[in-house]
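Trainee: I have a new model open and would like to learn how to read it. Could you take me through a few features?

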Amino acid sequence: MFDLIIIGAGPAGITAAYEAKQAGLSYLCIEKGLLGNTVYYYPVGLTVFSTTNELEIIPGELKPAREKPTREELLSYYVRFVLEHELNIHTEEMVTTVEKPVDHFEVITNKGKYEASNVLFAIGAMDHPRKLNVPGEDLPKVHDMFRETYSWVKKRALIVGGGNSAGEAALFLAEEGADTTLAVFRSDWENEDPKQGCIKYWVKQPLQDELKKHCLKLFFLGKVIEIRDDDIVLENEAGESEILPNDVVFVLIGSDADLTMLKSLGARTEHGKAGEVPVYNTETFETNIKGIYVAGHFTHQRHIKGAIDAAKSLIPTVAKKLRRGETAAK
Ligand SMILES: Cc1cc2nc3c(=O)[nH]c(=O)nc-3n(C[C@H](O)[C@H](O)[C@H](O)COP(=O)(O)OP(=O)(O)OC[C@H]3O[C@@H](n4cnc5c(N)ncnc54)[C@H](O)[C@@H]3O)c2cc1C
């Protein structure tokens, strides 16, 4: 019986594992992919938008070559952190069910079954990429993730989306010689409010430069009508349909967490600005199900700093309850 099982080894889960070890708890962290899986899937060579103090688990340890780390530097930091602190993390093991028989939890994975007094969901929000729900979206040339540019040099690439990920992908592609079109709602392109998820100014500025150099085209979107083998049918903002020749499409319009396991335990959810989120106590991070905690990207904390801070502040609560002999049933 573990004191704590942590589901997910992103920044939230890794921090929680470290803090649990420091607090002397028996713990296990289970990750379905690789350590820092979400960061692993960032575009190759991306410079992240956060500064080091917003990404570090222990201040002063992340030392990028420039002001902000690249994907590779950040990933290497989290991986080294896990190895150096000998954190108990199983990778490539997926949690499929969490059950609560009576006074504890059973965590079932594709490889085994574990028991715990408390469970922390640190599952991120990458499980369900949002879809356009249009004909042709299942063609092999349509991607819901952008990894790297070189396969698309001299290809006709269309990116659909109005947030930073779409902006970054368009920039990578335009800069490296793809025939790039960003299909974006005018309101998103003109949005300059970081709280409303605008394209960051250090991405927007070079995008403007690419536009001036004619290496990038903007398409102010009404909607996507259909994706076909050699082209794509779009409706412009005036409601007219246009056909663009096309080789590859990136649909980068956000993603949602998989809340199925939490909901089947009876955890309540609500609709926040960025979609459905679990209901939880913002000081203890406990849900309405005693012993079930949440932290990170699928809560109201969308960024790494919030994920790390949440994990740091919830472990002392778990430890205190364990000392008082509280279990999931009491
Ligand atoms: C391209 C890109 C760039 C970004 N840049 C920044 C940035 O500069 N700064 C910033 O603050 N944020 C950035 N973000 C957002 C950032 O990645 C998230 O805020 C961060 O990853 C949240 O950490 P987390 O631990 O909550 O979730 P995640 O890092 O998503 O970790 C959750 C983990 O849970 C695992 N998991 C899920 N379900 C299961 C299951 N059933 N069983 C086992 N494991 C499971 C997943 O595989 C994943 O590894 C960026 C996001 C993207 C996509």
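Mentor: Happily; we will go through helix packing, then strands, then a single residue. Keep in mind that this is a predicted model.

Trainee: How do I describe two helices that pack together?

Mentor: Two packed helices are described by the angle between their axes and by the distance between those axes. Take helix H1 (residues 11-22) and helix H8 (residues 304-323): their axes come within 8 Å and cross at roughly 25°. Angles under 35 degrees count as roughly parallel, and H1 and H8 are therefore roughly parallel to each other. The crossing of H1 past H8 is right-handed.

Trainee: Which residues of H1 and H8 meet there?

Mentor: From H1 come Pro11, Ala12, Thr15, Ala16, Glu19 and Ala20, and from H8 come Ile304, Ala307, Ile308, Ala311, Lys312 and Ile315. By class, this contact of H1 with H8 has nine nonpolar, one polar and two charged residues.

Trainee: At what angle do H4 and H6 pack?

Mentor: Helix H4 (residues 164-175) and helix H6 (residues 201-212) pack at about 40°, with their axes 10 Å apart. That makes H4 oblique to H6. Their crossing is left-handed. On the H4 side the contact is made by Asn164, Gly167, Glu168, Ala170, Leu171, Ala174 and Glu175, and on the H6 side by Val203, Pro206, Leu207 and Glu210. Sorted by class, the contact of H4 with H6 has six nonpolar, two polar and three charged residues.

Trainee: Now the strands. What is the order of strands in the open sheet of seven?

Mentor: The order is E8-E14-E9-E10-E11-E12-E13, with mixed pairing. Strands E8 (142-143) and E13 (241-245) stand at the edges with a single partner strand each, so one side of each is left without a neighbour in the sheet. Within the sheet, strand E10 (residues 179-184) pairs with strand E11 (residues 216-227) in the parallel sense over five bridges. Threonine 181 stands opposite lysine 217 in E11.

Trainee: And which way do the residues of E2 point?

Mentor: In strand E2 (residues 27-30), Tyr27 and Cys29 point one way and Leu28 and Ile30 the other way, and all are buried. E2 pairs with strand E1 (residues 2-7) in the parallel sense over four bridges, and cysteine 29 in E2 is the bridge partner of isoleucine 6.

Trainee: Is glutamate 106 buried or exposed?

Mentor: Glutamate 106, in strand E5 (residues 105-109), is buried, because its relative accessible area is 13% and buried means under 20%. Leaving aside neighbours within four places in sequence, glutamate 106 is in contact with Thr97, Val98, Glu99, Pro101, Lys113, Tyr114 and Glu115.

Conventions
Residues numbered from 1 in each chain as written. Predicted model: local features only at pLDDT ≥ 70, side-chain atom pairs only at ≥ 80, totals over all residues. Heavy atoms only, no water. Pairing = 2+ DSSP bridges. Helix = DSSP H or I, 4+ residues; strand = E, 2+ residues; numbered from the N terminus. Axes fitted to C-alpha atoms, helices over the stretch in contact; angles between N-to-C directions. Parallel < 35°, antiparallel > 145°, perpendicular 65-115°, else oblique. Left-handed = near helix turned anticlockwise from the far one by under 90°. Contact = heavy atoms within 4.5 Å. Nonpolar A, V, L, I, M, F, W, Y, C, P; charged D, E, K, R; others polar. Buried < 20%, exposed > 50% of the residue type's maximum accessible area, 1.4 Å probe, protein only.
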